[in-house]
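Please have the sequence and the coordinates open side by side while reading. The explanation below goes through a sheet, a pair of helices and the cysteines in turn.

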Amino acid sequence: MIRNKIKFTIQNLQEKLWIKPLGYAFLAVLAVFVSHFADGLPIQNTVPDISIETIEKLLTVISASMLGVATFAVASMVSAYASAGGSATPRAFSLIISDGLSQTALSSFIGAFIFSIVGIIAIKIGYFAVAGRFVIFLLTISIFAWVVVTFVRWVDNIARLGRMGNTIEKVDAATREAFQLWPRSAPLGGQPADKIPEGGIDLFSEQLGFIRQIDTGRLSQWAKDNDAFIYLQSLPGAFIHPQRKLLTVQSASANTELDMSDLLGAFDLGDRRTFGNDPRFGLIAMSEIGSRALSPGINDPGTAIDIVIRMSRIIRDWNSSQPDDERIEPELERVFVTPLDVYDLLEDAYAAICRDGVGSAEVGIWIQKSLGWLVQTEDPDLRNAACKWAHLSFKRAQQEITFEHDLERVRHAHEALVELSSARIATTR
């Protein structure tokens, strides 16, 4: 659980563009001062004597070019961010801005510029002797080579950053990563809870906001210290207000007065939902991309079909990732978490696309096909939910598709799904 908290913190820091450039700037200044320590080593007579003019010219070339390259990098990144928000979904902005290679490139350009400026000043005031000048020369060559390699890699990356395919890949990866925290046998590392027992003490929050993360490890420690059991009532992604329960505490001793104020610190609330611990938000973002692709102004059913296939694959992989012999055991014995509801997952994934793609026979067919893959799983709840959404999608198609040939194609796909469902039910009996 501590690992998840650290990971969540790192993900938040990655969304801030100033963190990595600041670190590279600090390293650049540090490199200049570290070079001075070489003058105290007994190597003055063994290293080449690099002239001040040579080093100064190299540093001047870097300083003159890196500021312009950094400005170009910022403009390209801003353009990519705007493209991602406009063509895909604004919800993907946090994933685009945290792109590691782009941040590394910008940080490298800024760091190289600062290194050159500080290095020129140090050279001008005679800060280095022979060994120091040799070290600063080696660092200059190394930084120049690093900048060239980084620039080449970044150009290849920035050509894709913000494009539809790249954004979909990032949302897909973030959604899959979030689902890994929700195994059916140990959601968020806790015990799966079928229902919340009555008679417990409820915890509320006076703040408004979305739950971004829950420190279940902290909840578990509090439960051990107070000989109690905790049942989560609100999960990551839920909007919290003073009337909504965060959790319910069941105490082993009915006469014990519990101080529950510390439990509020386990809930991280924010103004918006995040991908880290909220797989439903990932499905919603992917569904928005597919729904926007079906708008009359864009008219891109291919992207919607790609999204439908990806979402069904994500849900199927998550649902079938735990065979009985590899069952994940809960780490937290006193924290109970309600598992993800498969009907809610399919509603997040398919509701908007079924509505907006109802007039397209191609999208309707692939909705039936993707749900047909879910019908073949071993989970009866997922099979029933998939059949229900397939039926709803087909009913919409019957009302909107007027050309009989197109409707017949969708009907054929739906009938194939029904046959798969019947065959699967027969084999499980």
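How many bridges join strand β4 to strand β8, and do the two run parallel or antiparallel? In this predicted model, strand β4, which spans residues 228-232, is joined to strand β8, which spans residues 335-337, by two bridges, and the two strands run parallel. Within this pairing, Ile230 stands opposite Val335 of β8.

The pairing of β4 with β8 belongs to an open sheet of five strands, whose order is β1-β8-β4-β6-β2 and whose pairing is mixed. At the edges of the sheet lie β1 (191-192) and β2 (201-203), each of which pairs on one side only. Following the order from β4 towards β2, one comes to β6, which pairs with β4 in the antiparallel sense over five bridges, and here Tyr231 has Thr248 of β6 opposite it. Strand β6 is in turn joined to β2 by three bridges, again with the strands running antiparallel, and Val249 of β6 is the bridge partner of Ile201.

What can be said about the surroundings of β6? Four of its five residues are buried, and β6 is therefore largely enclosed by the rest of the structure. One element that lies across this part of the sheet is helix α8 (residues 216-225), which covers β4, β6 (247-251) and β8 and runs at about 150 degrees to β4.

A separate piece of helix packing involves helix α2 (residues 19-37) and helix α6 (residues 130-158), whose axes come within 8 Å and cross at roughly 150 degrees. Because angles over 145 degrees count as roughly antiparallel, α2 and α6 are described as roughly antiparallel to each other. On the α2 side the contact is made by Tyr24, Ala31, Val32 and Ser35, and on the α6 side by Gly132, Val135, Ile136, Leu139 and Trp146. By residue class, this contact between α2 and α6 comprises seven nonpolar residues and two polar ones, with no charged residue taking part.

Turning finally to the cysteines, a search of the whole structure finds zero disulfides. Cys354 is in no disulfide, and the cysteine sulfur nearest to that of Cys354 belongs to Cys387, 14 Å away. Since its relative accessibility is 3%, Cys354 counts as buried. Cys387 is likewise in no disulfide, its nearest cysteine sulfur being that of Cys354 at 14 Å, but Cys387 counts as partly exposed because its relative accessibility is 22%.

Technical notes: Residues are numbered from 1 along each chain as its sequence is written. This is a predicted model: local features need pLDDT of at least 70, side-chain atom pairs count only at pLDDT 80 or more; totals for chains, interfaces and linings use all residues. Side-chain values use heavy atoms; hydrogens and water are left out. Axes are lines fitted to C-alpha atoms, for helices over the stretch in contact, and angles run from 0 to 180 degrees between N-to-C directions. Angles under 35 degrees count as roughly parallel, over 145 as roughly antiparallel, 65 to 115 as roughly perpendicular and the rest as oblique. Contact means heavy atoms within 4.5 Å. Ala, Val, Leu, Ile, Met, Phe, Trp, Tyr, Cys and Pro count as nonpolar, Asp, Glu, Lys and Arg as charged, and the others, Gly among them, as polar. A disulfide is a pair of cysteine sulfur atoms within 2.5 Å. Buried means under 20% relative accessible area, exposed over 50%, partly exposed in between (1.4 Å probe, protein chains only). Two strands pair if DSSP finds at least two bridges between them.
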